[in-house]
Amino acid sequence: MDKKKKQMCILCGVLLLLLVVYFGIQTMIKHQEKKTKEEKEASTIYITDVEDVSLINYDVGEGTQTFEKQDGNWVYVKDPDFPLDESYPEQIVETFGKLKAERELEDGDELADYGLDDPAYRIQLTDENGDKTSVYFGNDSGDDSYYVTVDDTKKVYTVNSEVLQDLQHSLEDMAKLDEYPTIGSGNLKKEVITQNGQTTTYDSENDDDTENIAAVAGGLGVVSLDKVADYSVEDEHLSEYGLDEKSRITVEATYSEEKKEKVLTLYIGKEDGSGNRYVMINDSKIVYLISTEICNNILNVED
């Protein structure tokens with residue numbers, strides 16, 4: 001074997017050895033990380049362990065809120081038609097189904113000494129078998145934590161105050177509102193307005209409607225569904241908003257989106273007395289408020 005080949009063999013051997021060492025070190029690191037994670041998990045105190053939660057009931061000082069899982073979907077019990085964003089109850093289940101404590105108090109005082117004889121907040125989870133788990137929150141422990149106890153165990157723990165954030169959303173915060181499409185003069189094809197049995201049509205294919213299409217598109221393009229008058233209106237109450245079939249104005253806007261033709265149906269009701277009109281879209285049960293000025297633009301009428 002000549003000198004060059006010998007050197008090459010030596011280099012290959014060294015490289016192989018380095019690779020073996022490298023992968024050995026990586027394996028050791030992963031093993032240590034796994035061990036550390038397992039040790040940390042073993043030392044973690046969980047004060048609840050609830051699976052298959054079917055009912056959530058809590059009170060954080062603003063009245064009782066109750067959510068129930070019906071046919072696989074979470075609903076607001078007081079109003080099952082409320083458009084609930086299910087991510088909120090799911091987050092509550094994730095946090096409180098396996099609630100992590102910071103520490104358990106050993107040889108603690110009476111519950112009253114921690115404010116747990118008359119809890120400030122409480123939450124109860126019920127599983128599919130009807131078994132209930134209740135968590136009670138007492139005084140602030142002074143280090144961004146609260147004293148808590150579970151059921152009637154009388155054991156006292158501290159938990160991070162951040163867990164309460166999952167319970168402090170208003171019902172309005174938890175509403176899942178309708179999505180409104182992007183409409184402008186560039187993609188609006190046609191608008192058909194029906195009022196009192198009379199129909200007005202603006203068609204982008206009609207050269208005489210160029211200005212009209214631009215005008216109504218200007219109104220449709222600035223609609224914002226962020227003001228709600230009623231989250232789940234009943235049919236018998238539609239007349240209160242001027243949205244019953246006899247009273248409302250129906251606007252059908254045909255527009256293009258991703259090379260597909262779609263139709264938005266907008267129902268316009270009466271004014272609220274504060275510069276807005278009640279409106280609904282498509283088959284939604286939510287009644288929104290849109291400024292009268294925008295509605296007039298959509299209807300192509302003078303203010």
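Trainee: How many of the 8 residues of α4 are buried?

Mentor: This is a predicted model, and the values come from its atoms. A residue counts as buried under 20% relative accessible area. In α4, 6 of the 8 residues are buried, so the helix is largely enclosed by the rest of the structure.

Trainee: Which residues of α4 are buried?

Mentor: They are T292, I294, C295, N296, I298 and L299.

Trainee: Which strands does helix α4 lie across?

Mentor: Helix α4, residues 292–299, lies across β11, β12, β14, β15, β16 and β17. Its direction is at about 85 degrees to that of β17, which covers residues 287–291.

Trainee: In what order do the strands of that sheet stand?

Mentor: Read a sheet from one edge to the other, not along the chain. Here 7 strands form an open sheet in the order β12-β11-β14-β15-β16-β17-β13, and the pairing is antiparallel. At the edges are β12 (198–203) and β13 (228–230), each of which pairs on one side only. Direction ignored, neighbouring strands of this sheet are turned by 30 degrees against each other on average.

Trainee: How many bridges join β15 to β16?

Mentor: Strand β15, residues 260–271, and strand β16, residues 276–281, run antiparallel and are joined by 4 bridges. In that region E271 stands opposite R277 of β16. Helix α3, residues 210–220, also packs on the sheet. Helix α3 touches β11 (188–195), β12 and β14 (249–257), and its direction makes about 80 degrees with that of β11.

Trainee: At what angle do the axes of α3 and α4 cross?

Mentor: For two helices, look at the distance between axes, the angle, the handedness and the residues that meet. The axes of α3 and α4 come within 7 Å and cross at roughly 145 degrees. The crossing is left-handed. From α3, the residues A215, V216, G219 and L220 meet I294, N297 and I298 of α4. By type, the residues of this contact divide into 5 nonpolar, 2 polar and no charged.

Trainee: Why do the residues that α3 brings to a contact have such spacing along the chain?

Mentor: An α-helix has 3.6 residues a turn, so residues three or four places apart point the same way. Compare that with the contact list of α3, which includes A215 and G219, and also V216 and L220.

Trainee: What is the order of strands in the sheet of 8?

Mentor: Read that one in the way used before. Its order is β4-β3-β2-β7-β8-β9-β10-β6; the sheet is open and the pairing antiparallel. The edge strands, each pairing on one side only, are β4 and β6 (103–104). Within the sheet, β7 and β8 pair in the antiparallel sense over 6 bridges, and the bridge partner of Q124 is S134 in β8. Helix α2 packs on this sheet and touches β2, β3 (64–70), β4, β7 and β8. The direction of α2 makes about 90 degrees with that of β2.

Trainee: Which residues touch the most other members of the largest nonpolar core?

Mentor: The general idea comes first. In soluble globular proteins, nonpolar side chains tend to be buried together. The largest nonpolar core here has 33 residues, and I56, Y58, F96, I123 and F137 touch the most other members. Elements giving two or more residues to this core include α2 (87–96), β2 (53–59), β7 (121–127) and β8 (132–140). There is also a second, separate core of 27 residues, with A253, Y255, L266 and V279 among them.

Trainee: Which residues does F96 touch?

Mentor: Leaving out residues up to four places away in sequence, F96 touches T48, I123, L125, F137, V163, D166 and L167.

Trainee: Which value of phi does K154 have, and is K154 buried or exposed?

Mentor: When phi is positive, check whether the residue is a glycine. K154 is not a glycine, and its phi is positive, near 65 degrees. This residue lies in the loop between β9 and β10. K154 counts as exposed because its relative accessibility is 63%, and the cut-off for exposed is over 50%.

Trainee: Where does N300 lie?

Mentor: N300 lies in the segment after α4. Its phi is also positive, about 60 degrees, although N300 is not a glycine. With a relative accessible area of 28%, N300 is partly exposed.

Terms used:
Residues are numbered from 1 along each chain as its sequence is written. This is a predicted model: local features need pLDDT of at least 70, side-chain atom pairs count only at pLDDT 80 or more; totals for chains, interfaces and linings use all residues. Side-chain values use heavy atoms; hydrogens and water are left out. Two strands pair if DSSP finds at least two bridges between them. Axes are lines fitted to C-alpha atoms, for helices over the stretch in contact, and angles run from 0 to 180 degrees between N-to-C directions. Contact means heavy atoms within 4.5 Å. A nonpolar core is a set of buried Ala, Val, Leu, Ile, Met, Phe, Trp, Tyr and Cys residues joined through side-chain atoms within 4.5 Å. Buried means under 20% relative accessible area, exposed over 50%, partly exposed in between (1.4 Å probe, protein chains only). A crossing is left-handed if the near helix is turned anticlockwise from the far one by less than a right angle, and right-handed if clockwise. Ala, Val, Leu, Ile, Met, Phe, Trp, Tyr, Cys and Pro count as nonpolar, Asp, Glu, Lys and Arg as charged, and the others, Gly among them, as polar.
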